[in-house]
Amino acid sequence: MSSPFGPQHAPAGDVGAALMMIDSRLKSVYDGMRRDESEDEDEGSAASEAERRELAGHVGDSLGPGGAHELLDGACTLIYLFMTWLRQAHEEHGKDVIEYVVPTLVTSMRMMPRSIRPEAIPTMAGLVIAAGTGLSPSLWRQQYGDWTEAEITPLEATAFLLAECINRITEDQDFATRLITDALTRAEEEL
C-alpha cells in the first residue's frame with residue numbers, strides 16, 4: 001500500500017540551490033581541514049572561501065516569495081536521496097541504515113550547540129528516519145505544521161552531515177555532490 005508521505009507525492013523543491021549550499025559548506029570544511037593539516041593558509045584558499053560565502057549569500061538573497069519553501073523542499077529532497085544511497089550501501093553489507101546513521105548524526109548535532117538547538121535534534125532525526133524508511137522528509141515534517149526558524153540551520157546541517165558521511169564512506173570528497181548532479185542530469189535527459 002502506498003503512503004501519502006511517499007516521495008512521489010512530495011515537491012522536489014530547488015534541489016540545485018540546496019545542493020550548491022551544501023557543496024559550498026563541504027568545500028569550506030574540507031579547505032579548512034587542508035589548511036589545518038598544512039598550517040599554512042594561502043591567499044588563494046582564503047579568497048575562494050570568501051567567494052563561496054558570497055555565492056551562498058546571493059542564493060539566499062535571490063529567493064523570491066516562494067523561494068524559501070523551494071529551498072527547504074530541495075534540502076529535504078537531498079536528505080531523501082542521500083538516505084536512499086546510504087540505505088542501499090548499508091543493505092549491501094547486511095546492515096540497517098537507521099541503526100548506523102541516526103546515532104552518529106544525533107551525536108554530531110549534539111556537538112554543535114551554537115548552531116543546533118537541542119529541541120531541533122529529534123525533528124532532524126525524524127526526517128532522516130522518514131527518509132531511511134522510504135518516506136518524504138518534507139511531507140513527514142509538514143504534518144507537524146510550518147517550518148520554524150529554529151529548524152532551518154539544523155535542516156542544512158542534516159543534509160551536510162549526510163553528504164559528509166557519504167563522502168567519508170566512499171573516501172571521495174565530491175562523491176555526494178556528484179551523486180546528486182548525476183541524478184539531476186539523468187532526470188533532465190529523460191524529460
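**Largest pocket and D73 in a predicted model**

Q: Which residues lie nearest the centre of the largest pocket, and how many line it?
A: In this predicted model, the lining of the largest pocket comprises 17 residues, with A68, L71, L72, I152 and T153 nearest the centre.

Q: What makes a residue count as part of that lining?
A: A lining residue has an atom within 4 Å of a pocket point. Helices α1 (15-38), α3 and α7 (149-170) each contribute at least two such residues. The space in the largest pocket is about 380 Å³.

Q: Why is D73 described as having no salt bridge?
A: A salt bridge requires a side-chain nitrogen of Lys or Arg within 4 Å of a carboxyl oxygen of Asp or Glu. For D73, the nearest side chain of opposite charge is R141, 10 Å away, so the criterion is not met.

Q: What does it take to call D73 buried?
A: Buried means under 20% relative accessible area, and D73 falls in that class. Of the 191 residues of the protein, 41% are also counted as buried.

Q: Where is D73, and which residues is it in contact with beyond its neighbours within four places in sequence?
A: D73 sits in helix α3, which spans residues 67-92. Beyond those neighbours, its contacts are P11, A12, G13 and S138; contact here means heavy atoms within 4.5 Å.

Q: How many helices and strands does the protein have?
A: There are 8 helices and 0 strands, and the pattern along the sequence reads α-α-α-α-α-α-α-α.

Definitions and conventions: Residues numbered from 1 in each chain as written. Predicted model: local features only at pLDDT ≥ 70, side-chain atom pairs only at ≥ 80, totals over all residues. Heavy atoms only, no water. Buried < 20%, exposed > 50% of the residue type's maximum accessible area, 1.4 Å probe, protein only. Lys, Arg positive; Asp, Glu negative; His and termini not counted. 1 Å grid on protein atoms, 1.4 Å probe; cavity = no way out; pocket = protein on both sides within 12 Å on 5 of 7 lines; lining within 4 Å. Points joined across faces, edges and corners; volume = space filled by probe spheres on them.
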